[in-house]
Amino acid sequence: MHRPTHLHQAQTDSFDLCVIGGGATGAGVALDAALRGLRVCLIEREDFAAQTSSKSTKLIHGGVRYLEQAFKKLDWEQFKLVRKGLWERKYLLQNAPHLSHPLALLTPCASWFERFYFGTGLKLYDALAGRHNLQPSRQLSTTEALARIPTLRKKNLRGAVLYYDGQLDDARFALALVKTAARHGASVLNHASAISFGKTDDGRLVSLRVQDDLSGAVFTVKSRLFVNATGPFADGIRLLANPALSPRMRVSKGVHLILPEKILDSETALLVPKTSDGRVIFLIPWQGHTLVGTTDTEAQLHADPALQREEITYLLDYVRQYLDAEVSETDVQAGFAGLRPLLQAAPDADTKALVRDHEVEVDATSGLVSIMGGKWTTYRLMAQDTVDECLRELGETHRPAQTENQALTGAEGYTPDGWNALTTNFALSAVIARHLWKKYGTEAFDVVKIAQAQPELSERLAAGHPFIAAEVVFVLRHEMALTLPDVLARRLGLEWLDWQAAESALPLVTSLMAKGLKWSEAETRQAEAEYRARLEALRTSARLAPLTQQKSTA
Ligand SMILES: Cc1cc2nc3c(=O)[nH]c(=O)nc-3n(C[C@H](O)[C@H](O)[C@H](O)COP(=O)(O)OP(=O)(O)OC[C@H]3O[C@@H](n4cnc5c(N)ncnc54)[C@H](O)[C@@H]3O)c2cc1C
């Protein structure tokens, strides 16, 4: 993806759809529309997946918690919602197998009744998945439970239940959607903000003013329809289109911690079934670490929510309650916070409750199509419903959706053990080969070719992590990475695993970026200092000790 080409297209072409927001939803809409032959432009204010779509628990699920609620209230709509998620799970696992896989999850039980209760509920979960079920759930004895998660707290343990869902690399999955959309003709642009609409006299949208945040230049995108896929920020765009609309979004903050792998020490995730505030918490094996989350607190709309000390304390309390592991704040290697885009019922609806599903709204005055609510797992369905609605608006309903069986970039020709070819043909270590294979799928060969042409790019970016310098060059050339957070967070994900490792990698990554993007010395120094300050701000907000600093580049 060559940004100047995409920028030129956005400035000069006329589109059928202009999608605002490059998270899971907007990227999904862009891909669906491009596959149906529409001319599409995708505009993202920060970077692809910079907001909620990279801050999730990374589960592809129907939601066992929602199932319990459905059961208790005998709520048929809720059952349907769980089933929808379970059916969508199949497409995510199938279309990007390098970025997703089935995950075993275990819930410890403190009594025989709990085992029976959870076990029965999970059989219903299996039944709702029907032919799309991954593996049947089952009850485990205490010995079997401990064999799966040896660090599980033994006190009061009366066995467990085991079930299966999916896990995805959320940020790279969103990027794969963007790349696939671009491959099918969509013009895609990150670091470009939608700032105002051009309208006809009767308020119909005809164009969008966009600011290129890299150059500061403002330009106009012409399109027949505009789709608002800005997640938690949806009301801002709705009001730009039509100030008479009532707000629909409520946001809630959720955080995650990253702890060392040895804390969970298992390939099976742990589901804490009930917290004091009636939630569930997950401890999940994640890229050689333990991911713990999440919380659910009412929040203000904020582009950069951060992990706070109280949230660390809250989550670590549950780690200690459920695992026989010594764990303290000093074990926190990284963390991240996101905002759930929760949708409230329309003011004229019977109930003012939160809508649990997604909704496509077409504003009759402006013609803006807003896709709101939903979850990562259902992005494909949300995109399909949105494009169906757009086609109705455009009077072109004859184009059926194509996304159910659309392999994403990196998935073509992918086999789970294909990484072996990287070790045999390119003499890579198994750890690095597996890492590249999971991050880039079959595009891992292109990463490795860069390292082959310049052997110094085989160097690891940080000790104890499998990331190599060639990845930086690859994402600069092919994935529209333009800033240090684009590379260290959204493309590689190192920042979300280990803040200290991101700090250690900073001088090398900065110098590679300076070379690749032709930064001046002053720009290089500024970029590095800003990124270092960003890492420190994350530690300060979590009240963790400062990082050990490396020598700077410039
Ligand atoms: C803590 C947490 C855990 C979660 N866990 C799961 C899970 O395990 N499984 C699951 O299925 N779902 C999960 N979810 C839900 C899921 O992550 C979200 O539903 C999904 O990511 C929302 O995607 P989105 O594209 O709608 O929003 P976003 O990802 O927020 O994307 C909206 C984009 O719009 C951009 N934007 C905003 N304003 C403008 C503008 N003016 N111009 C251009 N662009 C703009 C933003 O920069 C942003 O990138 C979780 C959510 C949270 C918060």
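Which residues lie nearest the centre of the largest cavity? Let's start there and work outwards to the ligand and the open pocket.

## The largest cavity

This is a predicted model, and its protein holds three cavities of 30 Å³ or more. The largest cavity offers about 100 Å³ of space. To come back to the opening question, Asp169, Trp286, Gln287, Gly493 and Trp496 lie nearest its centre, and they belong to a lining of 16 residues.

Three helices each give two or more residues to this lining: α7 (170–183), α16 (484–491) and α17 (494–497). Sorted by class, the lining of the largest cavity has seven nonpolar, two polar and seven charged residues.

## The second largest cavity

The second largest cavity has a volume of about 60 Å³. Helix α7, which you have just met at the largest cavity, turns up again here: α7 and α13 are the elements that give two or more residues to the lining of the second largest cavity. The largest share, four residues, comes from α7.

If you would like to find this cavity on your screen, look for His98, Leu99, Arg172, Leu175, Ala176, Lys179, Thr409, Lys439, Tyr440, Glu443 and Glu479, which line it. By class, that makes four nonpolar, two polar and five charged residues.

## Around the ligand

Now to the ligand, which is surrounded by 38 residues. The closest are Thr25, Glu44, Ser53, Leu59 and Thr377. Elements that each supply at least two residues of this shell include the helix α2 (24–35) and the strands β8 (192–199), β11 (249–260) and β16 (334–344). The shell divides into 12 nonpolar, 19 polar and seven charged residues.

Several polar contacts can be picked out here. Thr377, one of the closest residues, has a polar side-chain atom 2.7 Å from an oxygen atom of the ligand. Two further contacts involve nitrogen atoms of the ligand: a backbone N or O atom of Arg45 lies 3.0 Å from one, and a polar side-chain atom of His61 lies 3.5 Å from one. How much of the ligand does the protein bury? Taken alone, the ligand exposes 1000 Å², and the protein buries 96% of that.

## The second largest pocket

The second largest pocket has a volume of about 1100 Å³. Its lining is made up of 34 residues, with His101, Gln287, Gly288, Arg434 and Lys438 nearest its centre. Gln287 may look familiar, as this residue is also listed among those nearest the centre of the largest cavity.

Strands β4 (100–108), β6 (160–168) and β13 (281–286), along with helix α13 (430–440), give two or more residues each to the lining of this pocket. Of these elements, α13 gives the most, with seven residues. By class, the lining of the second largest pocket has 16 nonpolar, 11 polar and seven charged residues.

## Aromatic pairs

The count of aromatic pairs in the model comes to 13. One of them brings together Tyr125 and Tyr163, whose rings meet edge-to-face, at 5.8 Å centre to centre and with 85 degrees between the planes.

Where do these two residues sit? Tyr125 is in helix α5 (residues 112–129) and Tyr163 in strand β6, so their pairing ties together parts that are 38 residues apart in sequence. Strand β6 is worth a second look, as it also contributes to the lining of the second largest pocket.

Key
Residues are numbered from 1 along each chain as its sequence is written. This is a predicted model: local features need pLDDT of at least 70, side-chain atom pairs count only at pLDDT 80 or more; totals for chains, interfaces and linings use all residues. Side-chain values use heavy atoms; hydrogens and water are left out. On a 1 Å grid over the protein atoms alone, a cavity is a set of points where a 1.4 Å probe fits but cannot get out, and a pocket is an open set with protein on both sides within 12 Å along at least five of seven lines; lining residues have an atom within 4 Å of a point. Grid points are joined across faces, edges and corners, and a volume is the space filled by probe spheres set on the points. Ala, Val, Leu, Ile, Met, Phe, Trp, Tyr, Cys and Pro count as nonpolar, Asp, Glu, Lys and Arg as charged, and the others, Gly among them, as polar. A residue is near a molecule or strand if one of its heavy atoms lies within 4 Å of it. A polar contact is a pair of N or O atoms within 3.5 Å; within protein, one must be able to donate a hydrogen and the other to accept it, and residues adjacent in sequence count only if both atoms are side-chain atoms. Accessible areas come from the Shrake-Rupley method with a 1.4 Å probe; for residues, only the protein chains shown count as cover. Rings of Phe, Tyr and Trp (its six-membered ring) pair if their centres lie within 6.5 Å; planes under 30 degrees apart count as stacked, over 60 as edge-to-face and the rest as tilted.
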